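Good morning, everyone, and thank you for making room for me today. Please take a moment with the picture before I start, and then I will go through it part by part.

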Amino acid sequence: MPTINLGQIPSFEEHVNGFDQHDMLVEEIEGLIRVYGNGYVERAQIVPCVSNALPPELGVTSWDVVVNKLSNIWARFYIPKQCQGKLPLLVYFHGGGFCVGSAAWSCYHEFLAKVSAKAECIIMSVNYRLAPENPLPAPYEDGLKTISWLKQVALIGGKQNWWSRYCDFTRIYLGGDSAGGNIAFNVAARLGGKTTASGAVVLKPLVIRGNILIQPFFGGESRTKSEKFLVQPPRSALTMAVSDTYWRLALPFGANRDHPWCNPSAKGLFKVENLRVLPSLVCISELDILKDRNLEFCSALHREGKLINYVVHEGVGHAFQVLNKSQLSQTRTLEMIGHIKDFLCV
């Protein structure tokens with residue numbers, strides 16, 4: 001098994017002599033990321049990175065694999081120890097506004113291990129390249145490289161990858177939360193292959209059956225009602241100021257928030273006849289500033305005849321399932337996992 005270098009991000013003080021001290025700070029999300037005019041990027045370790053170890057009582061095995069050395073893509077797998085037959089595979093992309101986050105963040109490690117155990121599925125959590133060093137569409141390209149890697153694994157079989165003996169490659173799903181939900185949607189839109197009557201995509205020997213989009217991160221120049229009026233607590237994971245900064249850092253130079261990667265409805269993308277949209281489960285949070293935009297996203301796809309199911313989790317905000325330990329959040333997280341399990345069984 002390859003050893004994955006999780007990377008410890010040096011502090012600003014450790015690098016202060018490595019670049020022009022008079023260079024201007026051009027973008028900042030306090031406590032998360034600073035971007036300087038000379039291109040230097042500083043990310044704070046606000047969430048610890050952890051190894052793939054898990055407590056035995058959870059009943060889940062986890063390990064890391066290299067997907068693409070040139071692009072430095074790696075992934076963390078989760079598989080229930082007591083497999084009853086072959087299991088569906090959820091390819092998962094973490095959140096973080098395309099600019100921060102890691103498959104090794106402790107909050108994702110805990111959440112996805114729980115999903116694997118309770119939803120009875122294998123999970124492949126992808127560590128993709130981050131903006132602003134790698135702006136969009138780099139994460140989408142990394143997602144497609146991951147699917148190509150999976151295809152090769154499926155063709156080889158279980159000889160080199162023991163976990164593939166337990167994976168049903170005809171039941172693959174693409175999912176993610178926040179920016180990861182955006183990535184899962186856009187990766188699906190770029191898939192080749194044939195589409196079945198149910199909307200699944202066949203990339204022999206793979207069959208990709210659906211999207212699981214948790215609080216998917218979209219935006220637009222015009223504000224929705226929830227973006228304008230939904231007051232967020234001081235330490236909210238996503239405010240409008242934070243959202244706007246992420247989009248400035250992630251979108252191609254010169255693009256605004258009506259770029260189709262940010263706002264797929266702005267230029268009629270949903271009306272494109274050959275737009276590939278997988279059958280989808282969309283998980284929305286009642287106190288999330290993205291609530292109305294997520295609801296509009298579901299409505300637009302439904303009007304175009306796409307198979308969209310959605311659920312609104314009451315009383316919780318953006319990224320509650322990974323960043324909030326309250327009793328209510330834990331209850332809603334279990335409800336979310338139940339919806340995911342049901343969707344995987346369709």
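Let me begin with a question: in the hairpin of S1 and S2, which residue takes a positive phi? The residue is glycine 31, whose phi is near 80°, and the hairpin has 3 residues between its two strands. I should say at once that this is a predicted model, and every value I mention today is computed from it.

Staying with that hairpin, strand S1 and strand S2, which covers residues 33–36, run antiparallel and are joined by 4 bridges. Leucine 25 stands opposite tyrosine 36 in S2, while glutamate 28 has arginine 34, also in S2, as its bridge partner. The two strands belong to an open sheet of 3 strands with antiparallel pairing, in the order S1-S2-S3. At its edges are S1, residues 25–29, and S3, residues 41–43, each of which pairs on one side only. From one strand to the next, the twist averages 10°.

Now to the aromatic rings. A pair of such rings is described by how far apart the centres are and by the angle of the planes. In this structure there are 17 aromatic pairs, and I will take two of them in turn.

In the pair of phenylalanine 93 and tyrosine 128, the ring centres are 6.4 Å apart and the planes stand at 55°, so the pair is tilted. Phenylalanine 93 belongs to strand S6, residues 87–93, whereas tyrosine 128 sits in the loop between strand S7 (122–127) and helix H3 (138–156), so this pair ties together parts that are 35 residues apart in sequence. Are these two residues buried or exposed? Phenylalanine 93 has a relative accessible area of 0% and is therefore buried, and tyrosine 128, at 3%, is buried as well, because the cut-off for that word is under 20%.

In the second pair, phenylalanine 98 and tryptophan 247, the ring centres are 5.4 Å apart and the planes are at 55°, so this pair too is tilted. Here phenylalanine 98 comes from the loop between S6 and helix H2 (106–119) and tryptophan 247 from helix H6, so the parts tied together are 149 residues apart in sequence. Both phenylalanine 98 and tryptophan 247 are buried. Besides these pairs, there is one aromatic cluster formed by Trp63, Phe77, Trp149, Trp163 and Phe169.

Phenylalanine 98 also leads us to the backbone, since its phi is positive, at about 70°, although it is not a glycine. Serine 178 is another non-glycine residue with a positive phi, near 55°, and its place is the loop between strand S8 (167–177) and helix H4 (179–189). With a relative accessibility of 6%, serine 178 counts as buried.

While we are looking at the backbone, let me point out two cis peptide bonds. One runs from alanine 131 to proline 132, with omega near 5°, and this proline lies in the loop between S7 and H3. Another runs from lysine 204 to proline 205, again with omega near 5°, and proline 205 is in the loop between strand S10 (201–203) and strand S11 (206–214).

Finally, let us turn to the spaces. The largest pocket holds about 990 Å³ of space, and its lining consists of 39 residues, with Arg235, Ser236, Ala237, Leu238 and Leu323 lying nearest the centre. Which helix gives the most to that lining? The answer is H8, with 3 residues, and both H6 (240–250) and H8 (320–323) supply at least two residues each. Sorted by class, the lining of this pocket has 22 nonpolar, 14 polar and 3 charged residues.

The largest cavity has a volume of about 30 Å³. Among the residues that line this cavity are Arg223, Glu227, Asp244, Arg257 and Arg293, and H6 provides the largest share of the lining, with 3 residues. By class, the cavity lining is made up of 1 nonpolar, 3 polar and 5 charged residues.

One last residue is threonine 331, which is found in helix H9, residues 327–344. Its relative accessibility is 32%, so threonine 331 counts as partly exposed. Between the C-alpha atoms of threonine 331 and glutamine 321, which are 10 residues apart along the chain, the separation is 9.5 Å.

Terms used: Residues numbered from 1 in each chain as written. Predicted model: local features only at pLDDT ≥ 70, side-chain atom pairs only at ≥ 80, totals over all residues. Heavy atoms only, no water. 1 Å grid on protein atoms, 1.4 Å probe; cavity = no way out; pocket = protein on both sides within 12 Å on 5 of 7 lines; lining within 4 Å. Points joined across faces, edges and corners; volume = space filled by probe spheres on them. Nonpolar A, V, L, I, M, F, W, Y, C, P; charged D, E, K, R; others polar. Phe/Tyr/Trp six-rings, centres within 6.5 Å; stacked < 30°, edge-to-face > 60°. Buried < 20%, exposed > 50% of the residue type's maximum accessible area, 1.4 Å probe, protein only. Pairing = 2+ DSSP bridges. Axes fitted to C-alpha atoms, helices over the stretch in contact; angles between N-to-C directions.
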